[in-house]
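Student: I'd like to practise reading a structure feature by feature. Could we take one and talk it through?

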Amino acid sequence: MAQKPKVDAHVGRLGYLQALVTEFQETESQDAKEQVLANLANFAYDPSNYQYLRQLQVLDLFLDSLSEENETLVEFAIGKDGAGPPDA
């Protein structure tokens, strides 16, 4: 299971999202990639995060994940199964 990225409390949301993107790009663990992509997908549901996600090119990361062999990554990239806000 992936650990929370180590981020200084003063860097804010942008820094946290950057740490997630960096972890996704650098990790070799498929489980960690799945967890990080699911977390990024959850952040994508909040419109206030859009500027950060765009700045960090997370949209491209989602699109790139669509061509992965790992079906879970593909599902998280399209916002399916487990990624997303809880049902009301």
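Tutor: Let's go from the overall fold to the core, then to the surface and a few single residues. This is a predicted model, so local features need pLDDT of at least 70, side-chain atom pairs count only at pLDDT 80 or more, and totals for chains, interfaces and linings use all residues. Residues are numbered from 1 along each chain as its sequence is written, and side-chain values use heavy atoms, with hydrogens and water left out.

Student: How many helices and strands are there in the protein?

Tutor: Helices (H or I, at least four residues) and strands (E, at least two) are DSSP runs, numbered from the N terminus. Here you get 5 helices and 0 strands, in the order α-α-α-α-α from the N terminus on.

Student: What span should helix 1 have at 1.5 Å a residue?

Tutor: The expected span is 1.5 Å times one less than the number of residues. Helix 1 has 15 residues and should span 21 Å; its end C-alpha atoms are 21 Å apart, which agrees.

Student: Which residues of helix 1 are buried?

Tutor: Buried means under 20% relative accessible area, exposed over 50%, and partly exposed in between (1.4 Å probe, protein chains only). In helix 1 the buried ones are Leu17, Ala19, Leu20, Val21, Glu23 and Phe24. Their cover includes helix 2, helix 3, helix 4 and helix 5 (71-77). Across the protein, 34% of the 88 residues are buried.

Student: Which residues touch the most other members of the largest nonpolar core?

Tutor: In soluble globular proteins, nonpolar side chains tend to be buried together. A nonpolar core is a set of buried Ala, Val, Leu, Ile, Met, Phe, Trp, Tyr and Cys residues joined through side-chain atoms within 4.5 Å. The largest one here has 17 residues, and Leu37, Leu40, Val58 and Phe62 touch the most other members. Helix 1, helix 2, helix 4 and helix 5 each give two or more residues to this core, with the largest share, 5 residues, coming from helix 2.

Student: What does Phe62 touch?

Tutor: Contact means heavy atoms within 4.5 Å. Leaving aside residues up to four places away in sequence, Phe62 touches Leu37, Leu40, Ala41, Ala44 and Ala77.

Student: Where does the salt bridge sit?

Tutor: Side chains of opposite charge can pair when their charged atoms come close. The cut-off for a salt bridge is a side-chain nitrogen of Lys or Arg within 4 Å of a carboxyl oxygen of Asp or Glu. A search of the whole structure finds 1, between Arg13 and Asp46 (3.7 Å, N to O). That pair links distant parts of the chain: Arg13 is in helix 1 (residues 12-26) and Asp46 in the loop between helix 2 (30-44) and helix 3 (50-55), 33 residues apart. Arg13 is partly exposed at 38% relative accessible area, and Asp46 is partly exposed at 32%.

Student: Is Leu63 buried or exposed?

Tutor: Leu63, in helix 4 (residues 58-65), is exposed, with a relative accessible area of 53%.

Student: And what about phi of Gln57?

Tutor: Phi of Gln57 is near 60°, a positive value in a residue other than glycine. Gln57 lies in the loop between helix 3 and helix 4 and is exposed, with a relative accessible area of 53%.
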